Amino acid sequence: MSDQDDLLAAARAVKERLLWLERGGVRGVLRSAAKKVEARPVASVPTLASVPSAVIREPSSMTLTQVRDELGECTRCKLSGTRKNIVFGVGNPEASLVFIGEAPGADEDATGEPFVGAAGQLLTKMILAMGLSREDVYICNILKCRPPGNRNPESDEIAECEPFLKKQLAAIRPRMMVCLGKFAAQCLLRSDAPISKMRGRFQSYEGIPLMPTFHPAYLLRNPSAKREVWADLQLVMAEMDRLGLPRTRS
Ligand code: SF4
C-alpha cells in the first residue's frame, strides 16, 4: 500500500468515527474537525424521591436525532451557564443495552462525549469484557451538562433534564439498562437506599429491567469492588443471553 493509500484509509477511519459520534448525539464534531483541517491544511442527593417522574411514551415517534434537536442549545436549567458542551449521549441508536451515569465530568464537558476520562476508560474495559464495544451499547447520563465542581445534581436540574433521558430511551427502546453509581440509581429508582443494597438484582425503570451497580470512578478508588460489579454484569450478560440478544462485538 502506498503512502497515499495509507492516508486515505486513515481519513476514512476518522470520518467513520466522527459520523458514529454524530449519529449517537455528539454534535458539531464534523464541523469542528473541518474547521481544524481548514486552519491547518497540512495535517448528597437532594430529595430525589420528591422529583416528579416523567413518563416514557412508547412507542416513540421521535428518533434520537429529533430528541437531540428538541434539546437544542438547552438553557432549561442553570447548568447551561457553566457548561462547555452538552453531553447528550453516544453509541448505537438501537442498542439493546444502555449505560446511564449521573452527569458529565470535566473531560466529558470538554469533549461533549460521555465517559471519556479515567472512569470512562474503565467503563470501556467493562463493556469489552462483556463481549461488547462502546459502539454496540448506548452511554449517557441523567444530566446532560456538568454540575460545577462535580457537585451532586440538584432536584430542579433533574426535573428539567430527565424528560430528555426518557425521550432518548423511548427512541432507543433498550431491552435492559445498567445504571452506574449511587446517584444515578437513587435518582432513577426514586430511592434513598444505598447502592450497596440496590446492586446485584434487577429493578425496573419505566418497565425496562435496570441493574444498578457501582460507578467506575468508585472502582478506581476501591478496586476490590470490581468483583461485585463483574457479578452484576454477569447477571446482565446472562439475561441478554436468555433473551437472545447478541453479545458479539461489532
Ligand atoms: S442539564 Fe439538561 S436541562 Fe439543564 S441546561 Fe443542560 S441539557 Fe438543559
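**Exercise 1. The central strands**

In which sense do β2 and β4 pair, and over how many bridges? Determine the pairing and describe the sheet around these strands.

*Solution.* The model is predicted: local features need pLDDT of at least 70, side-chain atom pairs count only at pLDDT 80 or more, and totals for chains, interfaces and linings use all residues. Residues are numbered from 1 along each chain as its sequence is written.

Step 1. Helices (H or I, at least four residues) and strands (E, at least two) are DSSP runs, numbered from the N terminus. The chain has ten helices and six strands.

Step 2. Two strands pair if DSSP finds at least two bridges between them. β2 and β4 are paired in the parallel sense, over four bridges. Within this pairing, Leu 97 has Met 176 as its bridge partner in β4, and Ile 100 stands opposite Cys 179.

Step 3. β2 is also joined to β3 by four bridges, and these two strands run parallel. Here Ile 100 stands opposite Cys 140 in β3.

Step 4. β4 (residues 176-180) is joined to β6 (residues 208-213) by four bridges, again in the parallel sense. The partner of Cys 179 in β6 is Pro 212.

Step 5. The six strands form an open sheet in the order β1-β3-β2-β4-β6-β5, with mixed pairing. β1 (90-91) and β5 (203-205) stand at the edges with a single partner strand each, so one side of each has no neighbour in the sheet. β1 and β3 (residues 138-141) run antiparallel and are joined by two bridges, with Gly 91 opposite Tyr 138.

**Exercise 2. Burial in the sheet**

How many of the residues of β2 are buried? Count them, then sort them by the direction in which they point.

*Solution.* Step 1. A residue is buried if 20 or more other C-beta atoms lie within 10 Å of its own, exposed if 12 or fewer, and partly exposed in between, with C-beta atoms placed from the backbone. In the chain of 250 residues, 36% are buried.

Step 2. Five of the five residues of β2 are buried, so this strand is largely enclosed by the rest of the structure.

Step 3. In a regular strand the side chains alternate between the two faces of the sheet. In β2, Leu 97, Phe 99 and Gly 101 point one way, while Val 98 and Ile 100 point the other way.

Step 4. In β4, four of the five residues are buried, so β4 too is largely enclosed by the rest of the structure.

**Exercise 3. Two helices with a buried side**

Which residues of α5 are buried? Identify them, locate them around the axis, and then treat α3 in the same manner.

*Solution.* Step 1. Helix α5 (residues 118-129) has twelve residues and reaches 17 Å from its first C-alpha to its last, close to the 16 Å expected at 1.5 Å a residue; the expected span is 1.5 Å times one less than the number of residues.

Step 2. The buried residues of α5 are Ala 119, Gly 120, Leu 123, Met 126 and Ile 127. They lie on the same side of α5, because they cover an arc of only 110 degrees around the axis. The arc is that of the directions from the helix axis to the C-beta atoms.

Step 3. An α-helix has 3.6 residues a turn, so residues three or four places apart point the same way.

Step 4. The buried residues of α5 pack against β2 (97-101), α9 (216-221) and α10 (226-242); contact requires C-beta atoms, placed from the backbone, within 7 Å. The face turned away from the buried side carries the exposed residues Lys 125, Leu 128 and Ala 129.

Step 5. In α3 (residues 64-71), Leu 64, Val 67 and Arg 68 are buried. Their arc is only 100 degrees, which puts them on the same side of α3. These buried residues pack against α6, whereas the exposed Asp 69 and Glu 70 are on the face turned away.

**Exercise 4. Glu 160**

Which residues does Glu 160 touch, not counting residues up to four places away in sequence? Place this residue in the structure first.

*Solution.* Step 1. Glu 160 is found in helix α6 (residues 155-172). Glu 160 is partly exposed, because it has 18 other C-beta atoms within 10 Å.

Step 2. With sequence neighbours up to four places away left out, Glu 160 touches Arg 76 and Cys 77.

Technical notes: Two residues are in contact if their C-beta atoms, placed from the backbone, lie within 7 Å.
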